[in-house]
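User: Could you take me through one part of this protein in some detail? I would like a close look at the open sheet and whatever packs around it, with enough context to place it in the whole chain.

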Amino acid sequence: MTGTEAHDSYGEKPDPEDHNAQVDPQKDTPPPSNDTGGPSGPKPPEPDSLRTPDEPPRIPMPRASVEDTGLPLPEPLPAPLFLEHRILKSLLGAWALAACSPEETTAVEDHLGTCGACADEALRLRDAVGLLHPPESLDLDPTLRTRVLESCLDRRPPRIPVPEWATPYDAETARLDALLQDIGDAEWHAPVRLRWFEGDEQTSRRTTVAGVIAHLLTVDGLVALTLGLDDPLEAPAETPTPAARTEAFWTTSHFPPTRSVRGPWREQAHNLVRTVAFAGGGSGRLPVSYGAFELPLRDSMLDRAFETWVHAGDIAEAVDYPYEPPSPRHLHAMIDLGARMLPTALAARRQAGLATPGQTRHLVPAGTPGRSLRLEIEGLGGGEWLIPLDSPGALPSPDHEVAHIALDGVEFCQLAAGHVPPEEAAAGQLGDREAIRDVLFAAASLSRM
């Protein structure tokens, strides 16, 4: 083995007899090593040329730069904004409203840590923003149940359809029942004043919430008797008028009505709707007696829907409960009933001597065109009606129109309920003043207890 080969071979010592070997002339042995020799000592590392291809290199290869991989380079971080103090101060309002960009927000918040005046101003602005957005109540909207019921009735028709002329009563009793469900025991004794017109004067009667439901129970009983259902009165009244029946119920009750009256009223309302649904549309011609007058069943159910809504409003006012008018379709049907009853009410006022003097000379035979008044209802349930002024049997004619009245739909109903005096009805009036006065007072005379 040559000297060169000896140097290339790790772990072999040069032969002292080999003159070609390079030996330190000062020492006979190699210099001491820090590693412990012997069979248990560490072995010197092997060169990469002696390793198998599967073994990793002893020294890792240098990593490649991301620029040499062909992958997209990461976006550099944006440089922070450096804004003047006056600009940062002008951004405090937008910062309080969370309307700044992320860069502006960072710049403002960094500035607030070093500027006490701007920090105080930012705190005041943030408190002001809190006042602009007050916390909302977690209580449910009291009208939510009514809206859900109306939506369900509109989207899912019942198996046995209720006649169209009975749906307003069905809807108004459901809305009133929802109101009664929400009031407490003490509120059933809240005072309520019933108001109506007798002659040309407004009359009222004081009762309670429970007393109003008892009144509706007894008057609805007139319809129940027509349909062959039970009479809610234990003892019959002297006359079958709504007022007499109500007084009889209040008088014969051992105790003042309480919330227990809700059950009988609710059950009777359901029975009425169920009965007319099974009876079909032909039952709408059955006469319902109110003592002094009669109405066909289809109009009587509209009348009961109207009174249910009016008295529900009285109850809602007494217990401070929000209450909305009926749907426009139902309100239109109620207004139409009132407009159709006006000629009879005008004739009754003439017979009682309450009509404007001099009007009787204009009476015309039945079926003949006569003087007419145009009733225009605006807003919810709006429309136009021609009202004959000379006789219930006269034909209304636009050629004989002598006056024109314009009223809001809800206001007309309040007038017909006796809640608004005729003199105070905000009406647009044009034409014969005496005819307009007669019609307004006739509308108020439609009210009753």
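Analyst: Happy to; here is a walk through the sheet, its strands and its surroundings, followed by the rest of the fold.

Please keep in mind that this is a predicted model. The sheet you are asking about is open and has four strands, in the order 6-5-7-8, with mixed pairing. Strand 6 (383–388) and strand 8 (428–431) each have a single partner strand and stand at the edges, so one side of each lacks a neighbour in the sheet. Direction ignored, neighbouring strands here are turned by 25° against each other on average.

Let us begin with the pair at one end of that order. Strand 5 and strand 6 are joined by six bridges and pair in the antiparallel sense. Within this pair, L373 stands opposite I387 of strand 6.

A good residue to zoom in on is S372, which belongs to strand 5 (residues 369–378). Is S372 buried or exposed? Its relative accessible area is 0%, and the cut-off for buried is under 20%, so S372 counts as buried. Its side chain has a polar partner: a polar atom there lies 2.9 Å from the backbone nitrogen of S397. Setting aside residues up to four places away in sequence, S372 also touches a list of others, including L386, I387, L389, L395, P396, H400 and V402.

Now compare a residue of the edge strand. G383 is found in strand 6, and with a relative accessibility of 24% this glycine is partly exposed. Beyond its neighbours within four places in sequence, G383 is in contact with L375, E376 and I377. There is also a long-range relation to look at: the C-alpha atoms of G383 and H332 are 7.8 Å apart, although 51 residues separate the two in sequence.

Two helices lie across this sheet's strands. Helix 13 (residues 409–416) lies across strand 5 and strand 7 (395–408), and runs at about 100° to strand 7. Helix 14 (residues 433–444) lies across strand 5, strand 7 and strand 8, at about 65° to strand 7.

The sheet also leads us to the protein's interior. L375 is among the residues with the most contacts inside the largest nonpolar core, which has 83 residues; L176, L180, V209 and I213 are named with it. Helix 8 (residues 209–226) gives this core its largest share, 11 residues. V209 itself is in contact with L180, I183, W188, I315 and V319, among others, once neighbours within four places in sequence are left aside. A second core, separate and made of 13 residues, includes L92, W95, C100 and V129. In soluble globular proteins, nonpolar side chains tend to be buried together.

Elsewhere in the chain there is another strand pair to look at. Strand 1 (residues 191–198) and strand 2 (residues 201–208) run antiparallel and are joined by eight bridges, with W196 having T203 of strand 2 as its bridge partner. Their hairpin has two residues between the strands, and G199 takes a positive phi near 70° there.

Finally, the wider setting. The protein has 14 helices and eight strands, and 37% of its 449 residues are buried. Of the contacts with a separation of 6 or more, 69% are between residues 24 or more positions apart. The protein exposes about 27100 Å², with carbon and sulfur atoms supplying 55% of that area.

Methods: Residues numbered from 1 in each chain as written. Predicted model: local features only at pLDDT ≥ 70, side-chain atom pairs only at ≥ 80, totals over all residues. Heavy atoms only, no water. Buried < 20%, exposed > 50% of the residue type's maximum accessible area, 1.4 Å probe, protein only. Contact = heavy atoms within 4.5 Å. Areas by Shrake-Rupley, 256 points an atom, 1.4 Å probe, with all protein chains shown as cover. Polar contact = N/O pair within 3.5 Å; in protein donor to acceptor, adjacent residues only side chain to side chain. Core = buried A, V, L, I, M, F, W, Y, C linked by side-chain atoms within 4.5 Å. Pairing = 2+ DSSP bridges. Axes fitted to C-alpha atoms, helices over the stretch in contact; angles between N-to-C directions.
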